[in-house]
Amino acid sequence: MAKTQQIPVPWRRPRRLRGSETIRSMVRETVLTPADFIYPLFVTEHEGVRKEISSMPGQYQLSLDYFVEELHAAAALGIKSCILFGIPKHKDPDGQVSLQANGIVQKAIAAAKNAVPGMLVMTDVCMCEYTDHGHCGPVVAGDVDNDTTLSLIAAQAVSHAKAGADLVAPSGMMDGMVGAIRSALDGEGFEKLPIMSYAVKYASSFYGPFREAAESAPQFGDRRSYQMDAANSREAMIEAALDVDEGADILMVKPAMAFMDIIAKVKDNFDLPVASYNVSGEYSMVKAAAAKGWIDEESTMMEILTGLKRAGSDMILTYFAKDAARVLGG
Ligand code: PBG
């Protein structure tokens, strides 16, 4: 006669701590708050505009008046920080309009600080929204010229600082960009202004919807000669280390969801705060699948944001900022 197999009774039972929402909330390791979010906003120089971006439902190109309204709405939900992207009326090969004191971002900074003084106003520092070819700096022999771009983005950062920005965030992946901006800011008396570097930014298909939003799609070629190859992890450590040496105050990893290993690695290897950018395509995928009834939008959104924080993000740039703050009871 066959012996009855004795199934051992488990002594350790992790399920004991999952029995109710109360106990789950007591052992929860990662808790989101609205203060974790940085809300990206697209400000257009055209007037009377509140145009929904078709590939990013719920996100808009906003003229200054509507932009201010949106800031009030975000602040009312407990959001404490935003990052601005400008959409100018006119573009040129060098993106000169991005340096003007009365440029759209410069005006938006002033309007924001005036309307919601407590809001931390960050600006994206890059040329791609202002060049007629859509690349992140002047193109020489078919490629973005690194060192000419440095002086342009340094001047752009200074003009944002003069307009009242609280922090500048260079996103162009030019070699030496953080150092160039740091010394330009210091030279103009802005030594206290922090720099959040898009330190580890990959060439990514997830930026597609953003380029519609910011009208910044490259008119030829792609960004692979300056943004990183998605296959590389060790190279991310070089990029982050350079930016630390050049004076970055916060390191960003972008995109976020397909790069959580990189977020964790940057967090483990450097002692600066880490930001991650939950980019446009990551937002659009959730919106599109939810619209089809394939996933639950709210719980998916919260799972993604919690995951990004768990992976090591001290702050998250996300188009979900308002929606998530609402869920969190803001
Ligand atoms: C500008 C910039 C981009 C994004 C942020 N800053 C676009 C790009 O590099 O092509 C993407 C943000 C998003 O997809 O949400 N250089």
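Student: Is the crossing of H3 and H4 left-handed or right-handed?
Tutor: The model in front of you is predicted. In it, helix H3, residues 104-115, packs against H4. The crossing of these two helices, H3 and H4, is right-handed.

Student: Which residues of H3 and H4 make the contact?
Tutor: Packed helices are described by the angle between their axes and the distance between the axes. For H3 and H4, the axes are 8 Å apart. H3 supplies Val105, Gln106, Ile109 and Ala110 to the contact, while H4 supplies Ser159, His160 and Ala163.

Student: How are H3 and H4 oriented relative to each other?
Tutor: The angle between H3 and H4 is about 30 degrees. Angles under 35 degrees count as roughly parallel. H3 and H4 are therefore roughly parallel.

Student: Which helix gives the largest share of the largest nonpolar core?
Tutor: In soluble globular proteins, nonpolar side chains tend to be buried together. Here the largest nonpolar core has 104 residues, and the members touching the most others are Phe42, Phe67, Met196, Val200, Val266 and Tyr277. Seven residues of this core, the largest share, come from residues 146-163, which form helix H4.

Student: Which residues does Val200 touch, not counting residues up to four places away in sequence?
Tutor: Val200 is one of the core residues that touch the most other members. With residues up to four places away left out, Val200 touches Met228, Ala236, Glu239, Ala240, Met252, Val253, Lys254, Ile262 and Val266.

Student: How many residues apart are Lys267 and Asp314?
Tutor: Lys267 and Asp314 form a salt bridge with their closest N and O atoms 2.9 Å apart. This pair links distant parts of the chain, with Lys267 in helix H8 and Asp314 in the loop between helix H10 and strand E12. In sequence, the separation of Lys267 and Asp314 is 47 residues.

Student: Is Lys267 buried or partly exposed?
Tutor: Buried means under 20% relative accessible area, and exposed means over 50%. Lys267 has a relative accessible area of 30%, so this residue is partly exposed.

Student: Which residues form one network with Asp323 through shared salt bridges?
Tutor: Asp323 forms a salt bridge with Arg326, at 3.2 Å between the closest N and O atoms. The two are separated by about one helical turn because Asp323 and Arg326 lie three residues apart in helix H11. Salt bridges with shared partners join Asp323 into one network with Lys287, Glu297 and Arg326.

Student: How many salt bridges does a search of the whole structure find?
Tutor: Side chains of opposite charge can pair when their charged atoms come close. One of the salt bridges joins the side chains of Arg28 and Glu21, at 3.3 Å from N to O. A search of the whole structure puts the number of salt bridges at 13.

Student: Where is Pro255 placed?
Tutor: The peptide bond from Lys254 to Pro255 is cis, with omega near -10 degrees. Pro255 itself is in the loop between strand E10 and H8.

Student: Is Met173 buried or exposed?
Tutor: Met173 lies in the loop between strand E8 and helix H5. Its phi is positive, about 55 degrees, although Met173 is not a glycine. With a relative accessibility of 5%, Met173 counts as buried.

Student: What is the phi of Glu215?
Tutor: Glu215 is in the loop between helix H6 and helix H7. At a relative accessible area of 40%, Glu215 is partly exposed. Its phi is positive in a residue other than glycine, near 50 degrees.

Technical notes: Residues are numbered from 1 along each chain as its sequence is written. This is a predicted model: local features need pLDDT of at least 70, side-chain atom pairs count only at pLDDT 80 or more; totals for chains, interfaces and linings use all residues. Side-chain values use heavy atoms; hydrogens and water are left out. A nonpolar core is a set of buried Ala, Val, Leu, Ile, Met, Phe, Trp, Tyr and Cys residues joined through side-chain atoms within 4.5 Å. Buried means under 20% relative accessible area, exposed over 50%, partly exposed in between (1.4 Å probe, protein chains only). Helices (H or I, at least four residues) and strands (E, at least two) are DSSP runs, numbered from the N terminus. Contact means heavy atoms within 4.5 Å. A salt bridge is a side-chain nitrogen of Lys or Arg within 4 Å of a carboxyl oxygen of Asp or Glu. Axes are lines fitted to C-alpha atoms, for helices over the stretch in contact, and angles run from 0 to 180 degrees between N-to-C directions. Angles under 35 degrees count as roughly parallel, over 145 as roughly antiparallel, 65 to 115 as roughly perpendicular and the rest as oblique. A crossing is left-handed if the near helix is turned anticlockwise from the far one by less than a right angle, and right-handed if clockwise.
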